[in-house]
Structure formats: C-alpha cells, structure tokens
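Please keep the sequence and the model side by side while reading, since the paragraphs below move from one helix to its surroundings and then on to strands and a sheet.

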Amino acid sequence: METHILAIDQGTTSSRAIVFRADISIAAIAQQEFPQHFPASGWVEHEPEDIWTSTVATCRQAMKKAGVTPKDIAAIGITNQRETTVVWDRATGKAVHRAIVWQDRRTADICARLKAEGHEPAISAKTGLIIDPYFSGTKVAWILDSVPGARARAMRGELMFGTVDCYLLWRLTGGKVHATDATNASRTLLFNIHTGQWDDELLDMLQVPRAMLPEVKDSSLHFGDSAPELFGAPISIRGIAGDQQAAVVGQACFAPGMIKSTYGTGCFALLNTGTTPVASNNKLLTTIAYQLNGQRTYALEGSIFVAGSAVQWLRDGLGLIKQASDTGPLAEQSDPTQSVYLVPAFVGMGAPYWKPNVRGALFGLTRNTGPAELAHAALESVCYQTFDLWDAMRADWPGADAAHTVLRVDGGMTASDWTMQRLADLLEAPVDRPVIQETTALGAAYLAGLSAGVYPEPSRFADSWRLERRFRPAMSAATRTRKLKGWAAAVRGVLASDEQ
C-alpha cells in the first residue's frame, strides 16, 4: 500500500531527500553536500550534474533508511533553490554552462541597462519583481550571449531552460516532461503573475526565445513518472514548489496575514496576502505563494541573501567555530558592553535595499573584539535584516499588524535558541518554532500527497501543525531602540560605499 511520500529538497549547498509517512512524521532523511564554484567576484555556480547525482543518491539512501520500496511511495514532491538557472541541450541533456546560482551577481550590468532604458515599471507591474541579478531572466540572457552559438541554438529550439525543479523533473522523467510550477515561474522575470502565462513582451525585452521555456502548471498535480531504472520502478511526481513557497505550505500559512521566515543559506520571509497580489511600495516582492486547482494565492516576500552563510563564513572563512551549533553558545559569552555590527553584504544587499554592488562590513570593533563578539554580530545580523523586512511588510499591508502577528520560523538557524530569542526581542513579536522544522520538505511532500490522496485539504492539514516553542519578546524598549539605531547607522555606512 502506498503510504509514504518522498520529498526532494534540492538546496543551495546540499541535496536532501526525506521520506514522510501518511501522518506527516519523518521516516528517514539523507543529505549530501556538493561543491560550490566561485569563478569571479560575486559569481556563484553549480555543476548541474552534481545537483542531479546528489539528488538521486539521497533519494536512494532515504528510501533504504526508511525501509521502503517504490510500491510504498505514493508520490514524489520536489522543492528547490529557486532562481538558479540551468540551460541544457534538448537532445543530449548536457548543460551548456554551469548552473548560475540565485546568489550570483554577474548580470548587474544587464540589470543596470534595463533600468536605464526605463523598463522597470513594466517589468514590476507584470512580474511583481524588481530588476535585479537575483532572478533567472538575466541569467538566461547571459548564458545565451556568453556561450558560443547558444543563442542561435536556442532560437532553433535545441536548448531548454529551467529552474532546478524543472531540470530535475526533466531528468527524473527521462527527458519526457519539461514543466515547472507557478511558484518557480514567478521568479524568472519572464512570467506574468496576473495572467499566469509567460509574457511575450518580457521575453522580447530579455531576448529569451519562447521555445526554451517549460510548461507552467499548478503546484499539486501529476507532472509525470520517474524513469523505472532510477529507483527500481516508476514513482509518480505530484508536487513542485520553490523552497520558500514550499515552506509557506509546510508552515500551514494558508490564511491571509500569516507570515513565515525560513533561515537557510539566506533568509526569506513571506506574508500570505490571499488571492489579491499586493504591490509593494517598500521594495518587497509580489510573488505566487502556491497555485492549487488553477487558483493563485499571492504573497509579499522579503529576501535576505546572507543568513546561515554568515555562520558558514565564521566556520570556513575565519575558522572561529568548528560547527554551526557552536555559534549560539559563543555569542552568549560576548562582552555586553561592545556594540559590534556585521552587515553581511557578501553578495550585495537584498530587500528592502536591493544594492547588488555593495559589500559587507563590520562596525564597532575594539581591541577587545574577539570570536564571541563576531559570533554575536553574525547571528544578530540575521535578526536585524528580518526586522527590516518585517517593517516593510507592515508598511505595505496594514493587515500585518505587529500586535496580532506571530512569525513562524524554520530552517537550520532556528535550532539556535539564542538567535530565536533575539529575533523575538528585536521584532517585539512572538516567534513560533514548529515541532517539524523540515517545513520546506514537508511543503513539497504535502503538495505531492494532496494530489495523491494521502494528505487532506489545506484546512485539515493546517490543524496538524504543532508548536515546539514560542519565543516571547523580553528586551527593554530602550535597549531595542538603541540596537536598531545602531543597525540602521551600520546599513547607512555600507550603502554609502556604493559607487553607483
């Protein structure tokens, strides 16, 4: 009997597979890191083959650990790093260039030209996005312009474009299905979030041939079946959503006004605004949260590029810690008389600033500043950046009333009690950490299980959400105000360094 769901969670630094049972408990997890490539300042790439092989390997490992075979699995759900861009040969399946990762800033010049030509209002009106190297459209254009012969081949229909979900779906189905879901399409700069279609004006603006593009579908339906040789028998693929939207689903944020924030490599906060897209006046993004039965639900999103990667920098760049979990205890030992601020603009600044060319800085260093203070500053920087998003959301959508809003959190950094308490203190709002913190994978599993009939409709699924711990604000108003003023000054200092 098909009683399990296999969730693929293909992230920026690792691929994971999780087997969920019918009661949404976790049967097994497998994870595999893969190499990051940094060929130039601000450039970030992945080998698509590494993404593929690590995904298949973790699926097989998770199934083996859980003691299940394909006949036990009702469906596969896929969630993925979103804007990361792959272009591959339709006939051979071979990528024509490494995948350009969402963090990559190489298309800043293309973005500057589009802005100078006055295209941003039209692009924002249709896509809900701003012009920034973050999104897929300019990455595709760069590959077509930079790989010899690529543009001509794309015009002839020989090349395919996809975000990582689309690439995995194509590989999983043995090249039979070239499709994506509405959440991933909404991150490309090529998709009209109001009509739910690829937009010819946007395609012309970015010079991306329509023949490259996948079909756009709901987030929960039958996309296709895995090739039998991969896992021993075909498995139905029934759910796809970009990682942040999958976390919205996994956190059961189905009602307008609910907010979730995911802390992985970056940090992403999404506010459900219902069936109406809300245009931001504060440089937030309007995006599709999920699409079920042809009905789009929208969200306001704030994207922070550096969260967990600031902790990785402490570990791998500075050698101050041996493992990420050391950071919280180290921060607790910091000197309370020091006010050290890290603005972690390692790859520019995301929402609500959108400055791709600025770089990170430390402020308030003294002779006594050491590892504990740097750990404190790194963790606190994530909380300050979340505050900036929170502030912008309240300005854009009056329904996001701080007095009645709770932030649901997930992702690796939420394991740090110190960080979650500081987040509640600075937001002056409760922060809820769920029992199941693998909410991104759970969202993908739910979308697949909903289509397969394993999981119930959204309202009943929401009833299964369970709180592990609520962090309540405990910081004095005076301390909070002082700290936020210091952060604002540090951000101004970094923004002032922008040469543009």
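**A helix, a strand and a sheet**

The buried residues of helix α3 pack against β10 (191-192), α8 (200-206) and β17. This is a predicted model, and the description that follows should be read with that in mind. In α3, which spans residues 120-127, the buried residues are Ile 123, Lys 126 and Thr 127. Around the helix axis they cover an arc of only 80°, and therefore they lie on the same side of α3. In general, an α-helix has 3.6 residues a turn, so residues three or four places apart point the same way. Just after α3 comes Gly 128, whose phi is positive, at about 80°.

Strand β17, one of the elements against which the buried residues of α3 pack, leads to an open sheet of seven strands, whose order is β17-β18-β16-β15-β21-β22-β23 and whose pairing is mixed. The edges of this sheet are β17 (285-292) and β23 (467-471), each of which pairs on one side only, and from one strand to the next the twist averages 30°. Within the sheet, β15 (residues 259-263) pairs with β21 (residues 407-410) in the parallel sense over four bridges, and Ser 261 stands opposite Val 409 in β21.

A further strand to look at is β14 (residues 236-242), where six of the seven residues are buried, so that the strand is largely enclosed by the rest of the structure. Strand β5 (residues 73-80) pairs with β14 in the parallel sense over five bridges, whereas β13 (residues 220-225) pairs with β14 in the antiparallel sense over three bridges. Ile 237 in β14 takes part in both descriptions, since Ile 76 stands opposite Ile 237 and Gly 224 has Ile 237 as its bridge partner.

The last stop is a pair of helices, α10 (residues 243-250) and α15 (residues 439-452), whose axes come within 7 Å and cross at roughly 80°. Angles of 65 to 115 degrees count as roughly perpendicular, and the crossing therefore makes α10 roughly perpendicular to α15. On the α10 side, the residues in contact are Asp 243, Ala 246, Ala 247, Val 249 and Gly 250, and they meet Thr 439, Thr 440, Leu 442, Gly 443, Ala 444, Tyr 446 and Leu 447 in α15. By character, the residues of the contact of α10 with α15 divide into seven nonpolar, four polar and one charged.

Conventions. Residues are numbered from 1 along each chain as its sequence is written. This is a predicted model: local features need pLDDT of at least 70, side-chain atom pairs count only at pLDDT 80 or more; totals for chains, interfaces and linings use all residues. Side-chain values use heavy atoms; hydrogens and water are left out. Two strands pair if DSSP finds at least two bridges between them. Helices (H or I, at least four residues) and strands (E, at least two) are DSSP runs, numbered from the N terminus. Axes are lines fitted to C-alpha atoms, for helices over the stretch in contact, and angles run from 0 to 180 degrees between N-to-C directions. Buried means under 20% relative accessible area, exposed over 50%, partly exposed in between (1.4 Å probe, protein chains only). The arc is that of the directions from the helix axis to the C-beta atoms. Contact means heavy atoms within 4.5 Å. Angles under 35 degrees count as roughly parallel, over 145 as roughly antiparallel, 65 to 115 as roughly perpendicular and the rest as oblique. Ala, Val, Leu, Ile, Met, Phe, Trp, Tyr, Cys and Pro count as nonpolar, Asp, Glu, Lys and Arg as charged, and the others, Gly among them, as polar.
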